[in-house]
Amino acid sequence: MNLLLQANGLIDAISQPWHWSISGAAIALILLLLTWMGKSFGVSTSFQVMCAAAGAGKRFSYFDIDLKENFWRIAFVVGAFIGGAIGANYLQSPEPVAISEATISHLEDWGIDYPETIEEGSGMIPTDVFNLGNLKGVLLAIVGGFLVGFGTRYAGGCTSGHAITGLSHLQLPSLIAVIGFFAGGLIMTFLIMPLIFG
Amino acid sequence: MKNFSFLAVGILFGIVMSKSEAISWFRIHEMFRFESFHMYGIMGTAVVLGAFFMWAIKKWKIKTLEGTIVNYADKEKTTSKYLLGGGIFGLGWALIGACPGPIYVLLGQGFMIFLVVLVSALVGTFTYGAIRHKLPH
């Protein structure tokens, strides 16, 4: 009984929003775990593996890779999916994501509402825009998804492979990639998104 | 059995991504507008601690579970693919507020539109694989 109460207390504690230093340390721990397990942390290779599994290797050499050797990447992203479900269903924060007032008022100008209570939304995505019933949101999802999938493989890695793993191994190319990520992100945020939402 | 351990680390990753709020479109937008330290704090901590872990694991030649020594292959020393590919990636990242890891996590959280994002990302990767010989690297 006592143990059960303690377990509940632990779940309550984990359910609070995490301080950035805790989150950062947890990500470093995942990098350490995967390295210790003999693998290199990088999520976007899973896109290449899925294309390869669908038979793309017969036509393009880029997808001609050893599926068995890469199967762990599929196990990992299935895990990420399950982790997301656990996060949303069992470890939900009592309040929506606490973004800054400056961002909230700027988004108001774009007509994007920020959830004030958890009943209105968790603050993960602007559901008014990004939902399957909104054609504009679906089109943005298609364009954004394509750019991410194309760009990440072109750059040879994404946030995990370059910004976390590459930088942790002190790779200059990864720093160049991260500069590229930010250049693209800033152009989208300050030059293109105002045209879409403004 | 071995794949179960990768599934387990993946679950941990999904939970960490959820609780860190790094999967939040709002957090990514706020980051690109430099209106909060949150995302920079996460990445800064992860890289500083990660660099220490990687340094230590190499210095003390700690063996992996596969019995090998960690031998990270240096990234190819070139610029165009990182800047161009990275730039294209950044455009998409800021628009949908999610990089590859969070796409899976948000789908798990029940945001079905990320199924569209995932399929489109796979089409993007396929397109890259099909035309890569024509691109500057």
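This is a short tour of a predicted model, moving from one chain to the contact between two chains and then to a single residue.

**Stop one: chain A**

Start by selecting chain A and colouring it by secondary structure. You will find 8 helices and 0 strands, so-called α-α-α-α-α-α-α-α when the pattern is read along the sequence. Turn the chain around: along its principal axes, the C-alpha atoms fill a box of roughly 55 × 50 × 35 Å. Chain A has 198 residues, and buried ones make up 43% of them. Now think about who touches whom within the chain. Among contacts with a separation of 6 or more, 51% are accounted for by residues 24 or more positions apart.

**Stop two: where the chains meet**

Next, show chain B as well and select the residues at the contact. Chain A gives 104 residues to this contact, and chain B gives 100. Which helices of chain B should you highlight on the side that touches chain A? Pick H1 (2-20), H2 (25-32), H3 (38-59), H4 (80-96), H5 (100-108) and H6 (113-131), as each supplies at least two residues of that side. Colour this side of chain B by class, and you get 55 nonpolar, 32 polar and 13 charged residues.

**Stop three: B:Gly87**

Finally, zoom in on helix H4 of chain B and select B:Gly87, which lies in that helix. Is B:Gly87 buried or exposed? It counts as buried because it has 24 C-beta neighbours inside 10 Å, and the cut-off for buried is 20 or more. To see its partners across the contact, add A:Gly180, A:Ala183 and A:Gly184 to your selection: B:Gly87 touches these residues, leaving aside any up to four places away in sequence.

Key. Residues numbered from 1 in each chain as written. Chains lettered and ligands numbered in written order. Predicted model: local features only at pLDDT ≥ 70, side-chain atom pairs only at ≥ 80, totals over all residues. Contact = placed C-beta atoms within 7 Å. Helix = DSSP H or I, 4+ residues; strand = E, 2+ residues; numbered from the N terminus. Nonpolar A, V, L, I, M, F, W, Y, C, P; charged D, E, K, R; others polar. Buried ≥ 20, exposed ≤ 12 C-beta atoms within 10 Å, placed from the backbone.
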